[in-house]
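The following exercises concern one helix packed on a sheet, one further helix and the order of the strands. Please consult the sequence and the structure while working through them.

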Amino acid sequence: METIFGFRREDLTSWNSLVALLNRPTDPASLGIFRCLFGLLMAIDVTQERGLSHLDYKYLDGAPVCRFPLFNFLQPLPLDWMYLVYVVMFLGSLGIMLGCFYRLSCLMFISTYWYIFFLDKTAWNNHSYLYGLIGFQLTLMNGNRYWSIDGLRRPSIRNAHVPLWNYTVLRTQIFIVYFIAGIKKLDADWVEGYSMSYLVLFSMELVNLLVVHGGGLFLDLTAGYLLFFDATRPYGFVFVSYFHCMNSQLFSIGMFSYTMLATSPLFCYPDWPRRFFGRFPAWLRAVLPLTLPDPQPSTSCVYREINTPKLRLKHKLGAIFTILYILEQFFLPYSHFITQGYNNWTNGLYGYSWDMMVHSRSHQHVKITYKDGKTGEIGYLNPGVFTQSRRWKDHGDMLKQYATCLNQFLPRYNISDPEIYFDIWVSINERFQQRIFDPRVDVVRADWSPFRPNTWLMPLLVDLSPWRSKFQEIEGSLDNQTEIVFIADFPGLHLENFVSEDLGNTSIHVLQGKVNVEVVEEKKNYTLQPGEQIKVPAGAYHKVYTVSENPSCYMYVYVNTTEAALQENFTKLFELQERVRNGTETEPLPPELQPLVAAEDEEVNATDPIVQLFLKRQRRMKEVKKRREAGVLERLERFAVKKYYTIRRGFLMTAIAMRNLAVGLPPLEQLTREVAFANMKAPQADGNQDERLKDEVGHGEL
C-alpha cells in the first residue's frame, strides 16, 4: 500500500497518526516551482482575462450601467481606485511568483481577486473560480521554502521541508476539477453529442462524437487517476498536455490551459526539480533552483524519527483544514439544493460546479417591455440597454438585478414606477427554442430568494428532447440557402414576430400541438394542425398562439432572398472576372464593372454597390488566406504585437490613474492626449480586422 499510495494503512488508524501523516516532511521543490509558475500566469491574467487593458470601458465613472455583483451592496470603486485595486492584485501575483514577502503577497492577491470576482457574476466561470481557490490555498501553505527571495532573506526557511498536506490539498483540488467535470459529462446531452455539436472538428459526425464528447468524458474521468499513480503518470502527462494545448487553441479561456499544465508536475515526486535542474551545466546553476538533495528540518512538519513526535496545534489545524476543505470541495458542486434561487435550467451559477462545456445555448428572440406605472403607457427597450453583458438572459437572479436597475434608470426618461417584462427565447443543447422565463411576470416586483425555487422560471421541455434527432433529418433535406428555426411554446402563450423584408419566403410548419396564426395587418386568423403550414408575409407582424392543451412545436422555414440574390450576383461577377482575366470575354465592360479588371493591389472606387461589396469580400478572403498560410514566425510576430499593445495600454492607463490619485487630474486636453497615446495601435493594424476576418463568406456589411 505504501508503494502504491505513499502511506501505510496504520497511518489512518488513529487521529494522531493521521495528523502525523499529513504533516510528514516533504521536499518543497515541486511546490516552489508551482508557486512561481502560478504567480507568473496570474500576473499575465491580470492584464488579460481580469481586464486591466480595458478597465476604463468597464468601470467608467458616471456611466449608467447595470451591474451584477454577488451581493448587492458590493459596488465598484471610482475608476482610478479600481486601477489601484488591479495594481495591488498585480503586485501580489508578482510577489507570489518571486516568493517575496510571500504571505503578504498572497493576501494582496486573493483579497483583490475575490473582490473583482464577486463584483461581476457575468464574468464567472470555472477556471476563474479555480484561480481564486489556488490563491487561497497558497496563502496557507509554505510555498516560499524553495527558489524564493524570502529564502534569501531568511536562511532559516530556505530549502526547508513543507508538510505533506500542502501537496495533498493541491493534488486533490486538481483531481476534483478533472473527476467532477467527468461526472458532470455523464449528462445525457453530453453523451449523445449535443453539448458541443457546434464544435465540428471532423467531417464525420460519428468521429466528432467519439473524439470530442467521448474523448473529453474519458479524459476527465481518468486524468486524476492517471496522474496519481507512478505506472500511469507518463501516459497521463501525454493525454492532459495534448488536451490542454488543444483547448488553448480552440477556446478563449485565458491562462486556464497553461495553469492546468503547471499543476501536472505536482503529481510527480516532490524532488523532481532537483533532478531536472541538476542536469544543467554548472555555470547556470547560480540562477537556477537549488539542486542540493537534503532540505533542512522545519517546525511545520512532524518527524517520525522521533519516538514520540510532539503534535503541535498548527499540525492539528493543518490536518483539520485539509479534511474540511476536501469535503467542502466535493460537496459544493452538488450543493444546489440549498441555493435553489440560483437554479435555472442548469443548477447554480456557472462557476463552482466544474460542468465545463456541458451546456451550450443560443438565443433567438429577446424582448424587454416596460409599462409606465402611472399612465399605463407600454414601450420596448433595446435588449442589453444599460449593461455590458448578455449573460443576464439565462439567470433569474441576474434578471431580477437587471429589472431592478432598469426600474431605477427609466424614471430619468419620464417613465414613472415602471414595470419590466422579459420575453427570452433560448435553445439549450440543440433543443427547441422556448421561453425560459414567464413573460407575464413583472420582474421588478416578482419574488426572488437565493434559497427558494424561482416561481417565474418556465420549465425546460425535456419531453421534447427526442425531436433533436428529427431536426437533423429535416435540416439535411434542405438546400444551402434555406434556414430553419424550431420553436416550442406553452399553452395560453403566444409569440409575436416580425418577418424582415429580406426573408421573402417564410412559412410556419406545425410539428405538434395546435396553433392559431394571426396576421396582424390582414386581421385574419388561421388554425393549423400538425403537418399543416402557412406562408407569412414579409415586412409585417404576425402572432402565433398555442391553443392546444399541451405545448406546441412548430418551425419557421425561410430563405434570405436578399442574401441569395447577392450570392447569385457575386457568382456572376466572379465568372465575368475570370473570363476577362483569361481572355475569353469578348464584350467590352461597362464603366461600372471596370473595377473588376483592376490590379489586385490597386485602389479603385467602384460606383456600383454590388461591385463594392464583391471587391471588399475578395480583399477579405485574400487576407484570410494570407493569414492561414502564414508561417510560424509570422504568426508569432502577429500574436506578440497584438499582446504587446494590449498590455501596453493596460500599464499606460494604470500609470495615468496612479498619477491622478497622487497629484490630481490634469487639464482635459492633456488627459485626452495621454489616453490617445495609450490607445495607439500597431501601424498596420485595423481595429476590427480580426473580427471581420472570422467570417470570410458571410455578409456582415448587410
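This is a predicted model, in which local features need pLDDT of at least 70, side-chain atom pairs count only at pLDDT 80 or more, and totals for chains, interfaces and linings use all residues. Residues are numbered from 1 along each chain as its sequence is written, and side-chain values use heavy atoms, with hydrogens and water left out.

**Exercise 1.** Determine which strands helix α16 lies across.

*Solution.* Helices (H or I, at least four residues) and strands (E, at least two) are DSSP runs, numbered from the N terminus. Helix α16, residues 396–409, lies across β3 (361–371), β4 and β5. Its direction makes an angle of about 150 degrees with β5; axes are lines fitted to C-alpha atoms, for helices over the stretch in contact (heavy atoms within 4.5 Å), and angles run from 0 to 180 degrees between N-to-C directions.

**Exercise 2.** State the order of the strands in the open sheet.

*Solution.* The order is β4-β3-β5-β6, with antiparallel pairing; two strands pair if DSSP finds at least two bridges between them. At the edges are β4 (378–381) and β6 (434–435), each pairing on one side only. Two bridges join β5 (residues 419–428) to β6, and Val-426 stands opposite Gln-434 in β6.

**Exercise 3.** Identify the helices against which the buried residues of α15 pack.

*Solution.* Helix α15 comprises residues 313–331. Among its buried residues (under 20% relative accessible area, 1.4 Å probe, protein chains only; exposed is over 50%, partly exposed in between) are His-315, Phe-321 and Tyr-325. The buried residues pack against α2 (15–22), α7 (126–140) and α9 (164–184). The face turned away from the buried side carries the exposed residues Leu-313, Leu-324 and Leu-327.

Technical notes: Expected span 1.5 Å × (residues − 1).
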